[in-house]
Number of protein chains: 2
Amino acid sequence: MTSVDEPARSGARTRDAARTQAEILDVATREFARAGYDGARVDEIAARTRTTKRMIYYYFGNKEQLFTAVLERAYGVIREAEQELDVDHLDPVAAIRRLAELTFDHHERHPDFIRLVSIENIHDAAHIASSEMLASIGSPALDVIRRILEEGQRTGLFTADVDAVDLHAMISSFCFFRVANRHTFGALFGRDLVAPEQREHYRAMLGDMVIAYLTAERTAG
Amino acid sequence: MTSVDEPARSGARTRDAARTQAEILDVATREFARAGYDGARVDEIAARTRTTKRMIYYYFGNKEQLFTAVLERAYGVIREAEQELDVDHLDPVAAIRRLAELTFDHHERHPDFIRLVSIENIHDAAHIASSEMLASIGSPALDVIRRILEEGQRTGLFTADVDAVDLHAMISSFCFFRVANRHTFGALFGRDLVAPEQREHYRAMLGDMVIAYLTAERTAG
DNA sequence: TGACTAACGTACTGGTTCGTACATTATCCC
DNA sequence: GGGATAATGTACGAACCAGTACGTTAGTCA
């Protein structure tokens, strides 16, 4: 998530708009993720930056727009990662397991993003709704799922009539919950879902779950 | 979640400590769920109550303790609902499906509770940690899962070595995500996971997923 | 019935926090 | 090199908001 480039001519503390904006976004991401939208402090963000509060308002307008910008960049990182997905050389079963694992890994590697999404949901996705970029961001992962599903259903490996969006929701829910609800779950059930020594266990569990769901014969209702 | 009893002698605006406290908790639950911990306004809670801000501090001490009290009551409601669980007369497969469905229904019926849990996770479960009651609340549902799993594994219907806490996490993640991330998911993928006409679809999907996972033969790793 | 206490109301304060008015400097381009 | 403009810093205001000082009333029990 950190994307502040070193200044072209290092050492010299010259003016650099792009760099200042990136630094603000980095720090704001951490602050919003730490404390939620209303808990986050613009002064705190400014203090942790090499610039001042004035700059935050100069570049981003106000707190709300700053949060939207943070969301936009965070979702942009996701989309970029999803575009790297390459599972076309695998058979459908292996491909869907791989995709699930990559989703799992990505959630684990970006807990701040998970928190931002939780926070945005508390605000009824109002910032996404007001962002042109986010309203049309799309999801490469969804296209990949669609392709794998088609192939799996065509070859008869997968049960028919499973929808790509639904499967994406299924995979995401497991990955998301594990990170987002880590604290309450840990406090109530005494188990840390994100403990490193449990990582492989839950990664395999997710894959097993998705494959089992896709390959099971349904008992007619 | 609403539990304010009508006053014994209706009409008369007499003093009633229990009733005042319950009303504060009702309104506070909605306000915290609406806006998050820091977004919630004590003045707003007071305004929506038939009493004053003074009473909130009189009974609950401060905002933090009020939120903790809200959480305690919300989790208490869950525990009570879980104690009603009665699936012992069903075979393991039907029992676990029924349990999943009841969990599904409960999440759908209590969106405010879901939001409170999301909010509490943003605060790293600090309030649960500081609450004696919540630290030891337990989970009747977990006991039920344990019993069903044992029976299913004993009779060979279920794959061995599935842990009750893990299965609970799996079921919860699907139910929780569907409600908690409804807004961002809807905004990004154009599908309302909580749309009434999709309800049965997702309910069945959850059951299918859990059963498939529990009855699938694992491919040795 | 009267005194004691739990329950309640009003009005305020002190600190916090978003946002800005105003002043200044670096950099780019002609 | 000088004018224009983008980028930056300082200091402050106004509103908001958690929490409280102080005063009042209803119920209860001796």
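Buried area is the accessible area, taken with a 1.4 Å probe, that two parts lose on being put together, summed over both. By that definition, chain B and chain A bury about 4400 Å² between them. Carbon and sulfur atoms carry 68% of this area. The model examined here is predicted.

The contact between the two chains draws on 53 residues from chain B and 53 residues from chain A. On the side of chain B, three residues stand out: B:Asn121, B:Ile122 and B:Leu188. Together they supply 14% of the area that chain B buries against chain A, more than any other three residues. Polar links also cross this interface. Between chain B and chain A there are 16 residue pairs in polar contact, counting pairs with both residues at pLDDT 80 or more. Five helices of chain B each supply at least two residues of the side that touches chain A. They are α1 (17–39), α6 (111–122), α10 (164–180), α11 (182–189) and α12 (199–215). Helix α10(B) gives the largest share, 12 residues. By class, this side of chain B has 29 nonpolar, 13 polar and 11 charged residues. Six salt bridges are counted between chain B and chain A. In one salt bridge, the side chain of B:Arg115 meets that of A:Asp124, with an N to O distance of 3.1 Å.

The fold of chain A was considered next. Its secondary structure comes to 12 helices and zero strands. Along the sequence, the pattern of chain A is therefore written with α elements from start to end, as α-α-α-α-α-α-α-α-α-α-α-α. Taken along the principal axes, the C-alpha atoms of chain A fill a box of roughly 65 × 40 × 35 Å. Over all chains, the structure holds 42 salt bridges. One salt bridge within chain A joins the side chains of A:Asp88 and A:Arg147, at 3.2 Å from N to O. A:Asp88 lies in the loop between α4 (63–83) and α5 (92–109) of chain A, and A:Arg147 lies in helix α9 (residues 140–154), so the pair ties together parts that are 59 residues apart in sequence.

Chain A is divided into two parts, domain 1 (15–61) and domain 2 (75–215). The C-alpha centres of these domains of chain A lie 29 Å apart. Their contact takes eight residues from domain 1 of chain A and six residues from domain 2 of chain A. The area buried between the two domains is about 530 Å², and carbon and sulfur atoms give 62% of it. On the domain 1 side, A:Thr29, A:Ala33 and A:Tyr37 supply 67% of the area buried against domain 2, more than any other three residues. Zero salt bridges are found across this domain interface. Three residue pairs in polar contact are found there, with both residues at pLDDT 80 or more. The side of domain 1 that touches domain 2 has three nonpolar, two polar and three charged residues.

The surroundings of DNA strand D complete the account. This strand is surrounded by 21 residues. The closest are A:Tyr59, B:Arg15, B:Arg41, B:Lys53 and B:Tyr57. Of the atoms of DNA strand D that come within 4 Å of the protein, sugar and phosphate account for 51%. Individual contacts reach both base and phosphate atoms. A polar side-chain atom of B:Lys53 lies 2.6 Å from a base oxygen of DNA strand D. An N or O atom in the side chain of B:Tyr57 is 3.3 Å from a phosphate oxygen of the strand. For A:Thr52, a backbone N or O atom lies 3.4 Å from a phosphate oxygen of DNA strand D. Elements from chain A and chain B give two or more residues to the surface near the strand. In chain A these are α1 (17–39) and α3 (53–60). In chain B they are α2 (42–47) and α3 (53–60). The largest share of this surface, four residues, comes from α3(A). Its residues divide by class into seven nonpolar, five polar and nine charged.

Notes
Residues are numbered from 1 along each chain as its sequence is written. Chains are lettered from A and ligands numbered from 1 in the order in which they are written. This is a predicted model: local features need pLDDT of at least 70, side-chain atom pairs count only at pLDDT 80 or more; totals for chains, interfaces and linings use all residues. Side-chain values use heavy atoms; hydrogens and water are left out. A residue is near a molecule or strand if one of its heavy atoms lies within 4 Å of it. A polar contact is a pair of N or O atoms within 3.5 Å; within protein, one must be able to donate a hydrogen and the other to accept it, and residues adjacent in sequence count only if both atoms are side-chain atoms. Ala, Val, Leu, Ile, Met, Phe, Trp, Tyr, Cys and Pro count as nonpolar, Asp, Glu, Lys and Arg as charged, and the others, Gly among them, as polar. Contact means heavy atoms within 4.5 Å. A salt bridge is a side-chain nitrogen of Lys or Arg within 4 Å of a carboxyl oxygen of Asp or Glu. Domain bounds come from an automatic or database domain assignment.
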